[in-house]
Amino acid sequence: MQQSLINTIEIEVKFSDVDMLGVVWHGNYVRYFEDGREAFGKQYGLGYMDVYNAGYVVPIVNVNCDYKRFLRYEDKVIIETTYTPTESAKINFTYRLLNAQTGELIVKGSTTQVFVRRDNFELQLTNPDFFLDWKQKQGLI
């Protein structure tokens with residue numbers, strides 16, 4: 001059975017993240033997913049520049065965001081980012097955003113990214129060699 005890799009970070013909601021009602025604007029939760037992916041990439045060696053330097057980019061082709069509660073200015077939020085293994089040539093992440101003070105689930109979601117060659121923007125239908133190497137180093141294959 002393949003394992004999942006998880007990264008967890010904590011951030012504080014900034015003033016620029018909230019709307020006139022004082023709650024986090026709904027689109028910022030997707031940006032928090034991005035914060036989680038960047039932290040995941042730093043921890044596990046799968047950052048955007050790692051992918052880029054291997055000759056690829058990984059655009060998001062699907063995003064899902066299921067809102068349960070909301071956050072306010074200065075709330076602390078835990079972003080839990082989980083890589084979900086797949087044999088397909090794509091990167092799947094799931095997310096859980098939790099209120100750090102109460103532990104309440106705020107948002108859960110997912111993203112799917114595909115591999116595109118950076119030189120000609122050709123979609124890759126098989127896993128690039130660098131990604132297979134990364135999976136092997138992580139014990140995923």
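Helices here are DSSP runs of at least four residues, numbered from the N terminus. With that in hand, we can start our walk, keeping in mind that this is a predicted model.

Our starting point is Val30, which sits in helix H1. Is Val30 buried, partly exposed or exposed? Its relative accessibility is 33%, and because buried means under 20% and exposed means over 50%, Val30 counts as partly exposed. For a sense of scale, look across to Gln136: 106 residues separate Val30 from Gln136 in sequence, and their C-alpha atoms are 29 Å apart in space.

Stay with helix H1 for a moment, as it leads us to the largest pocket. This pocket holds about 170 Å³ of space. Its lining is made of 14 residues, and those nearest the centre are Arg37, Gly41, Leu46, Gly47 and Tyr48. Which elements each supply at least two residues of that lining? They are helix H1 (27-44), helix H2 (48-53) and strand S5 (90-99). The largest share comes from H1, with five residues. As for the character of the lining, seven of its residues are nonpolar, three are polar and four are charged.

Next, let us turn to the largest nonpolar core. It has 29 residues, and Tyr83, Leu97 and Trp134 have the most contacts inside it. Two or more residues come from each of H1, strand S4 (76-84), S5, strand S6 (105-114) and H3. H1 gives the most to this core, again with five residues. So H1 is a thread worth following by eye: the largest share of the pocket lining comes from H1, and H1 also gives the most to the core.

Tyr83 deserves a pause of its own. Setting aside neighbours within four places in sequence, Tyr83 is in contact with Ser4, Leu5, Phe40, Ile91, Asn92, Phe93, Phe131, Trp134, Lys135 and Leu140. One of these partners, Trp134, is also among the residues with the most contacts inside the core.

Our last stop is Gln124, in the loop between strand S7 (116-117) and helix H3 (129-137). Is Gln124 buried or exposed? Gln124 counts as buried, because its relative accessibility is 15% and the cut-off for buried is under 20%. A polar atom of the Gln124 side chain lies 3.0 Å from the backbone oxygen of Glu122. Beyond residues up to four places away in sequence, Gln124 touches Tyr56, Ala89, Phe115 and Arg117.

Notes. Residues numbered from 1 in each chain as written. Predicted model: local features only at pLDDT ≥ 70, side-chain atom pairs only at ≥ 80, totals over all residues. Heavy atoms only, no water. Buried < 20%, exposed > 50% of the residue type's maximum accessible area, 1.4 Å probe, protein only. Polar contact = N/O pair within 3.5 Å; in protein donor to acceptor, adjacent residues only side chain to side chain. Contact = heavy atoms within 4.5 Å. 1 Å grid on protein atoms, 1.4 Å probe; cavity = no way out; pocket = protein on both sides within 12 Å on 5 of 7 lines; lining within 4 Å. Points joined across faces, edges and corners; volume = space filled by probe spheres on them. Nonpolar A, V, L, I, M, F, W, Y, C, P; charged D, E, K, R; others polar. Core = buried A, V, L, I, M, F, W, Y, C linked by side-chain atoms within 4.5 Å.
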